[in-house]
Amino acid sequence: MVSIPVKPLFVVVLTFSLLLAVILLSPSPQFLSTPLSSASLLDFDIWSVKRLVEWRPCKWWLQGHLTPLHTKSNGYIRIDCYGGLNQMRRDFCDGVGIARLLNATLVLPKFEVAAYWNESRFADVFDVDYFIQKMSGFIQVVKDLPKDLASKEPFRVDGSKRKGQFDYRESILPPLLEHRYISFTPAMSQRRDRYPQYAKATLCQACYSALRLTTSLEKKAIELLDVIPKPFLSLHLRFEPDMVAYSRCEYPNLSPSLIAAIEAARVERKPWTGEVAQSWRKRGKCPLTPNETALMLQSLRISTSTNIYLAAGDGLMEMEGFTSVYTKVFTKSALLNHEDFTRMHGNTKAALDYYVSINSDAYVATYFGNMDKMVAAMRAYKGMHKTLFLSRKAFAELTSQGLEEEELKKSLWEVHKNDFEIGRGSALPDCFCEFKL
């Protein structure tokens, strides 16, 4: 029998163990040579960022704690709505809240529209019976006026004053009581925070629960939604001649024909120049070009193979700068039957974009207009939080600092990551509350 001294054996085992530990715990050359940013973060897009806050419908509205309607109405109010579909929808929602504030009976609104939008009746776009049903208990709504008022035009009240403390009780209630039937358009700068809660709840119910597309329009929207490859991102991109003209920004690198189209749309709105133009752009007032939009999406690590539905009007300029990067772009004009599409008017097209956008897997907007606010709020109402607004201000500030390529993308990522974490701009505050996660 061979005997081995205990002490030398212990030393051998200990030495071997230490060597093995060093080998196992040492970083491998592969991980040392691969930076974290290019390895583990490649699939970490903006939607993977953990949110700290979500906007959700406020409980006081959803629980329906209503102040009972008065047995006697102060009269009838018709809301006159102007502009595109989502601007009219915003005006109408505000008007419903005001009508409840004044203890009035709501008459179906009148859509005052330009030839482009064409449809001039509420019933052309929205399901009237559904609206009346959902507003039961919030406000009284009628399709028809009493016989003594049916043949009369409403007394027109000027509600366009842009004062922060505009008081509808003082300005609109007296003519309502006198004439019994009035019409007005809500002031854009009205103070909704002055509404009592029952009037706010009425506004919220009208805007997010009671407005549903007509059966025929919803059917067409579902057909469009069904043919878009899934999953997909809906992108609201604004870079049309009239939009650029309205912004008063200049884009000298455009082709002569596009510059001419913008100049034709300017009318009296001449572009800013010099330091004023630079300040205007740094404030985020200039629309993003399609090329800039593509760069922004790349900075958010949104794959260039993503299916993208383009929720936009006619006349988009410079789209080659976007489609050369993001090649899977789908439009309603390409997806719908050509004959159906050519028969559609502005409101119908806007309604389709709205429906697709509130049901898309993700929504990104290059602007913060009426459609974007309505879509973002409706997505929050439905619990769909992959919603983001591209920051024109951040893009202008960072590029003015001379940032380019990867450095610019990295900085844009940080800005939008912070925005997404706190849900900035993702819902209208009147009907939604912040919930910490």
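Is C93 buried or exposed? In this predicted model, C93 has a relative accessible area of 1% and is therefore buried, the cut-off for that class being under 20%. C93 forms a disulfide with C207, the two sulfur atoms lying 2.4 Å apart. The torsion about this S-S bond is 90 degrees, and the link is right-handed. Distant parts of the chain are joined by the pair: C93 belongs to helix α5 (residues 85-101) and C207 to helix α11 (residues 197-210), with their positions 114 residues apart. C207 has a relative accessibility of 4% and so also counts as buried.

The structure contains four disulfides. When the bonded cysteines are counted along the chain, the connectivity reads 1-8, 2-4, 3-7, 5-6.

Helix α11 also carries C204, which is linked to C431 in the loop between α23 (405-422) and β12. The sulfur atoms of C204 and C431 are 2.1 Å apart, and the two cysteines are separated by 227 residues. The torsion about the S-S bond of C204 and C431 is -95 degrees, which corresponds to a left-handed link. C204 and C431 are both buried.

A further disulfide connects C58 and C433, with an S to S distance of 2.1 Å. C58 is located in the loop between β1 (53-57) and α4 (59-62), whereas C433 is part of strand β12 (residues 432-436), 375 residues away. Because the torsion about the S-S bond is about 105 degrees, the disulfide of C58 and C433 is right-handed. The two ends of this link fall into separate accessibility classes: C58, with a relative accessible area of 2%, is buried, while C433, at 27%, is partly exposed.

C81 was examined with respect to the cysteine sulfurs around it. The closest cysteine sulfur to that of C81 is in C93, at 8.8 Å, which is too far for a bond; the limit applied to a disulfide is 2.5 Å. C81 is buried, its relative accessible area being 0%.

Strand β2 spans residues 76-82. Six of its seven residues are buried, so the strand is largely enclosed by the rest of the structure. Strand β2 pairs with strand β6 (residues 181-184) in the parallel sense, over four bridges. Within this pairing, Y76 is positioned opposite Y181 of β6.

Technical notes: Residues numbered from 1 in each chain as written. Predicted model: local features only at pLDDT ≥ 70, side-chain atom pairs only at ≥ 80, totals over all residues. Heavy atoms only, no water. Buried < 20%, exposed > 50% of the residue type's maximum accessible area, 1.4 Å probe, protein only. Pairing = 2+ DSSP bridges.
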